[in-house]
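Trainee: I would like to work through this model step by step, with the structure in view. Could we start once it is on screen?

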Amino acid sequence: MSAPMTHDPLVVNTKDGTVWQRRAVTAAGRGLYAVTGSCSCPEYLTATLAELAEHGIVGSADALPMPVRAARSPLDQALDELTGVSLSLWEEEQDTARLRLALKSAQRGRREARAEVAALRDERHQTNEWVDDAAKALRRQRDRITGLEAAQGTVFRASHDSIVMGLYTSREAAQAHCEAKVKQEEPEGSILHMSWSADDIGPDAEYELHITPAETGGLIRGTGYVVTPLDVAASYDEEADE
């Protein structure tokens, strides 16, 4: 059996300020009302709509009134706004910190790149200098070989303690080399005189450079710089090799 239907409102307000809520429905479809707030009520405490009309109905509704939310105080609203502002500031600080970190990383990378470029430039400069020095030495060696090949006779070796310094087509050039080295080694103004002494007579004689230092009071001493004549062959001689 289905429950009885009613067209009576769900909530009724009477003139005395009481709010009545429909709690049950009679078999005739009339609503039975009890004071709002009472969870369960015996039938003798309920009233019909006609009985409530005797108290003066001032309003009715088919739905329960929604609870009214208490208004927030200005202090609470201010605290909410302050919390929102603080959160925004914190987010901005985090963004700023991330940007600063990215900037420092970019600056560090730029400094490292500049240092690497400077090192590469310095290395290239040193390499160019080395190549230039090597080219100059090669040209000198080539010119010396060309002179020796053109001489096809006697060349003169400038040496110091068996260390060869150079080969020349004239004795004068070899001696000039030795004299220049001695002047570089001895203190400036300490040499009174230079002279060459031969170990033999003739074109095959070997000459040693002697100097007279001022500190020895005129005593001559050898320097170990020697000019030795050498024969340069124009071609290979098989008999001379045996």
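**Questions on the model**

Trainee: Is Arg 114 buried or exposed?
Mentor: The relative accessibility of Arg 114 is 57%. Buried means under 20% relative accessible area, exposed over 50%, and partly exposed in between, with a 1.4 Å probe and protein chains only. Arg 114 therefore counts as exposed.

Trainee: What kind of model is this?
Mentor: Residues are numbered from 1 along each chain as its sequence is written, and side-chain values use heavy atoms, with hydrogens and water left out. Local features need pLDDT of at least 70, side-chain atom pairs count only at pLDDT 80 or more, and totals for chains, interfaces and linings use all residues; the model is predicted.

Trainee: How many helices and strands are there in the chain?
Mentor: Helices (H or I, at least four residues) and strands (E, at least two) are DSSP runs, numbered from the N terminus. Read from that end, the elements run β-β-β-β-α-β-α-β-β-α-β-β-β-α. The counts are 4 helices and 10 strands.

Trainee: What share of the residues of the chain counts as buried?
Mentor: The chain has 242 residues. The buried share of them is 19%.

Trainee: Which residues form the positive surface patch?
Mentor: Patches are made of residues with over 30% relative accessible area and no salt bridge; like charges are joined within 9 Å, nonpolar side chains (Val, Leu, Ile, Met, Phe, Trp, Tyr) within 5 Å. Lys and Arg count as positive and Asp and Glu as negative, while His and the chain ends are not counted. One member of the positive patch, Arg 114, belongs to helix H2 (residues 74-151). The patch is formed by Arg 108, Arg 110, Arg 111 and Arg 114.

Trainee: Which residues form the negative surface patch?
Mentor: One of them is Asp 133, which is placed in helix H2. Asp 133 has a relative accessible area of 47% and is partly exposed. The patch consists of Asp 122, Glu 123, Glu 129 and Asp 133.

Trainee: What area does the nonpolar surface patch have?
Mentor: The patch is made by Leu 75, Leu 79 and Leu 82. Leu 79 is part of helix H2, and its relative accessibility of 43% makes Leu 79 partly exposed. Accessible areas come from the Shrake-Rupley method with a 1.4 Å probe, and for residues only the protein chains shown count as cover. For this patch the area is about 310 Å².

Trainee: How many salt bridges does the structure hold?
Mentor: Side chains of opposite charge can pair when their charged atoms come close. A salt bridge is a side-chain nitrogen of Lys or Arg within 4 Å of a carboxyl oxygen of Asp or Glu. The structure holds 4.

Trainee: How many residues apart in sequence are the parts that Arg 30 and Asp 8 tie together?
Mentor: The side chains of Arg 30 and Asp 8 form a salt bridge, N to O 3.6 Å. Arg 30 lies in the loop between strand E2 (19-25) and strand E3 (31-35), and Asp 8 in the segment before strand E1 (11-14), so the parts they tie together are 22 residues apart.

Trainee: Is Asp 8 buried or exposed?
Mentor: Its partner Arg 30 has a relative accessible area of 41% and is partly exposed. For Asp 8 the value is 8%, so Asp 8 is buried.

Trainee: Where do Arg 98 and Asp 95 lie?
Mentor: Their side chains meet in a salt bridge with an N to O distance of 2.1 Å. The two residues are 3 apart, about one turn of the helix, and both lie in helix H2.

Trainee: Which residue forms a salt bridge with Glu 186?
Mentor: The closest N and O atoms of this pair are 3.0 Å apart. Glu 186 sits in the loop between helix H3 (171-185) and strand E8 (191-198), and its partner in strand E10 (residues 221-231), 35 residues away. That partner is partly exposed, at 34% relative accessibility. The partner is Arg 221.

Trainee: How many bridges join E2 to E3?
Mentor: Two strands pair if DSSP finds at least two bridges between them. E2 and E3 run antiparallel, and Arg 22 has Tyr 33 in E3 as its bridge partner. The number of bridges joining E2 to E3 is 5.

Trainee: How many residues of E9 are buried?
Mentor: Strand E9 (residues 207-213) is joined to E8 by 7 antiparallel bridges and to E10 by 4 antiparallel bridges. Strand E9 is mostly covered, and the buried count is 5 of 7.

Note on methods. Charge placed at Lys NZ, Arg CZ, Asp CG, Glu CD.
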